[in-house]
Each structure stands twice: as C-alpha cells, then as structure tokens.
Amino acid sequence: MERSQDGGNLSGVQHIILVLSGKGGVGKSTISTEIALALRHAGKKVGILDVDLCGPSIPRMLNAQSKDVHQCDSGWVPVYVDQEKSISLMSIGFLLEHPDDAVVWRGPKKNALIKQFASDVAWGDLDFLIVDTPPGTSDEHIATVDALRPFNPMGALLVTTPQECTNIFSKGGGEELARLSGVPFLGCVPLDPLLSQSLEQGKDFVQEFPNSAAYPAISSIARQILDMASPRS
Ligand SMILES: Nc1ncnc2c1ncn2[C@@H]1O[C@H](COP(=O)(O)OP(=O)(O)OP(=O)(O)O)[C@@H](O)[C@H]1O
Ligand SMILES: [Mg+2]
C-alpha cells in the first residue's frame, strides 16, 4: 500500500488523545466513548481508535458491533457510528469473525496490528482522534505511542478510581495524583446508573441524559479538552 510522505492517513487529524489507566475496569472505554460523544455534540469530528485488542468494548458501547470495516485505496474505512458520519471507529472487534472471539496474541502480532491501525485507517479530516487502550502499560501502549509519536499527540487522559486502602487516595486521589505529577486535573465522574445503562444499550448518554449525575463532569472534561486544543488549531 502506498503512503504519502506527509503523514498519510493521520495527516488530517488535528488532535490525538490517548486514554490510559494502570488498572482494568476503571472506566477508560466509558470515558473514551462519552468524551467522543460530547465533542461530537460540540460540533467536532471525532474518531475513536480502540487498541484494546483482547477486550474491545467500544463497538458495543456505541451500538456499532454489527457494522463492518471496508477496504479502500488508502486502507480501511472506519465504521461510522452516526448518520452524519461525525464519529468514526476502528476496533479489532470489526475484524473478528465473531465479536466475542478471544484474541490470544503475543506481543509482536499485537504490535503489528497497532502499527497497521496507526497507518492504514482512512480517517479523513478529524478534529480529535481518541485512542482507547487496554489496562496497564504493556505492548499495546508502547506500540501505540511509538506509532503515534510522529503525529505529536496532544496528551493522555489518565483514568483512575478511588482506593479504599490508602488514606490519601480514598477520596480526591486522582486530584492529588495530578497535583503531585504537575498535570491538569480534568474532573471526577460520579457513578451513574444511567451512564452504565446507556453504555449497555449503546445509547447516546450525552444527548439523552443531560440532567443525570455524570453529565456535568463529562461535559466539563470535554470543554477543557476543547479549550486546551483551541490554541493549537
Ligand atoms: N461513572 C460510571 N457510572 C456507572 N458505571 C460506570 C461508570 N464508569 C464506568 N462504568 C461501568 O464500569 C464498567 C467498566 O467500565 P469500562 O469498560 O469503561 O472500563 P475500562 O477501564 O475500559 O475497562 P478495561 O480495563 O477492561 O478496558 C462498565 O460496565 C461501565 O458501564
Ligand atoms: Mg476498556
């Protein structure tokens, strides 16, 4: 496949944001999905790259699991989640014959697919590309950062949950961690049954439940991302 020298398929992407966490199940895919929806409602074009190769959950959260990726001259056409084509998504979930198939791969195979995800998805013009990762700091993360570094990612959104055992982290732990690390604290998303229900049913939480508990935090995080992005755009 021929690549242009100007950044290829990522050349039309303005801002790349990675979503990471040390632990599993803390809400990375939830945050990736909801921030994408909030940015889209703010009028932005958003792509989501799901590099959680062993546990892809975004297709289900966006009710896109039955869709397919197609090939075009410049690579894979991502799945468009909405009719307006303002959210596009690429996930290994679309490449498996059965969406629930287990992927048991060693590092090199994972690295190769992530490299291909970074170069071969025809995103077109995007304001934001959100990259949802598996838990931890493993092969997938190193491969992702290596592949995306030339495109100068805007930053990483670190998701954490309160720990009950250590006093300092029992509440406000994320805020304290941000302060200690000298990075901006973007917000605290409360547990919200309407959010988990929306994710299970593939509903657009941001559109349907603006009065719910988690909405203000999600829209505030999206607003801060927009503010941080604006001087660069
Ligand atoms: N604020 C919230 N309120 C209610 N439920 C939530 C919230 N955040 C996440 N959840 C629920 O918690 C579960 C785990 O969330 P999610 O899949 O986003 O975590 P993850 O960090 O991506 O997990 P993994 O490490 O397995 O990829 C999901 O079922 C989701 O619906
Ligand atoms: Mg996840």
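**Exercise 1. Find the element that holds Pro216, and decide whether Pro216 is buried, partly exposed or exposed.**

Solution. In this predicted model, Pro216 has its place in helix 9, which covers residues 215–229. The next step is to count the C-beta atoms around Pro216, and there are 14 others within 10 Å. A residue is exposed at 12 or fewer and buried at 20 or more, so a residue in between is partly exposed, and Pro216 is therefore partly exposed. As a last step, take the distance from Pro216 to Cys54: the two residues are 162 residues apart along the chain, and their C-alpha atoms are separated by 31 Å.

**Exercise 2. Two residues other than glycine, Lys85 and Asn152, have a positive phi; locate each and state its exposure.**

Solution. Begin with Lys85, whose phi is about 60°, and which lies in the loop between strand 5 (79–80) and strand 6 (87–91). Within 10 Å there are 11 other C-beta atoms, and Lys85 is therefore exposed. Turn then to Asn152, whose phi is near 55°, and which belongs to the loop between helix 4 and strand 8 (155–158). Asn152 has 9 C-beta neighbours inside 10 Å, so Asn152 also counts as exposed.

**Exercise 3. Describe how helix 3 and helix 4 pack, and list the residues that make the contact.**

Solution. Start from the geometry: helix 3 (residues 107–120) and helix 4 (residues 139–148) pack at an angle of about 35°, with their axes 9 Å apart, and their crossing is right-handed. On the side of helix 3, the contact is made by Gly107, Lys110, Asn111, Ile114, Lys115 and Ala118, while helix 4 contributes Asp139, Glu140, Ala143, Thr144, Ala147 and Leu148. Sorting these residues by class gives 5 nonpolar, 3 polar and 4 charged.

**Exercise 4. Identify the residues that touch the most other members of the largest nonpolar core, and follow the contacts of Ile130.**

Solution. The largest nonpolar core has 56 residues, and Ile35 and Ile130 are the ones that touch the most other members. Setting aside neighbours within four places in sequence, the contacts of Ile130 are Ile17, Val19, Ser32, Ile35, Ala36, Val46 and Ile48.

**Exercise 5. Characterise the shell of residues around ligand 1.**

Solution. The shell holds 20 residues, of which Gly24, Lys28, Ser29, Thr30 and Ser196 come nearest to ligand 1. Looking next at the elements, those that give two or more residues to the shell are helix 1 (28–41) and helix 7 (193–201). By class, finally, the shell divides into 8 nonpolar, 9 polar and 3 charged residues.

Definitions and conventions:
Residues are numbered from 1 along each chain as its sequence is written. Chains are lettered from A and ligands numbered from 1 in the order in which they are written. This is a predicted model: local features need pLDDT of at least 70, side-chain atom pairs count only at pLDDT 80 or more; totals for chains, interfaces and linings use all residues. Axes are lines fitted to C-alpha atoms, for helices over the stretch in contact, and angles run from 0 to 180 degrees between N-to-C directions. Helices (H or I, at least four residues) and strands (E, at least two) are DSSP runs, numbered from the N terminus. A crossing is left-handed if the near helix is turned anticlockwise from the far one by less than a right angle, and right-handed if clockwise. Two residues are in contact if their C-beta atoms, placed from the backbone, lie within 7 Å. Ala, Val, Leu, Ile, Met, Phe, Trp, Tyr, Cys and Pro count as nonpolar, Asp, Glu, Lys and Arg as charged, and the others, Gly among them, as polar. A nonpolar core is a set of buried Ala, Val, Leu, Ile, Met, Phe, Trp, Tyr and Cys residues joined through C-beta atoms within 7 Å. A residue is near a molecule or strand if its C-beta atom, placed from the backbone, lies within 6 Å of it.
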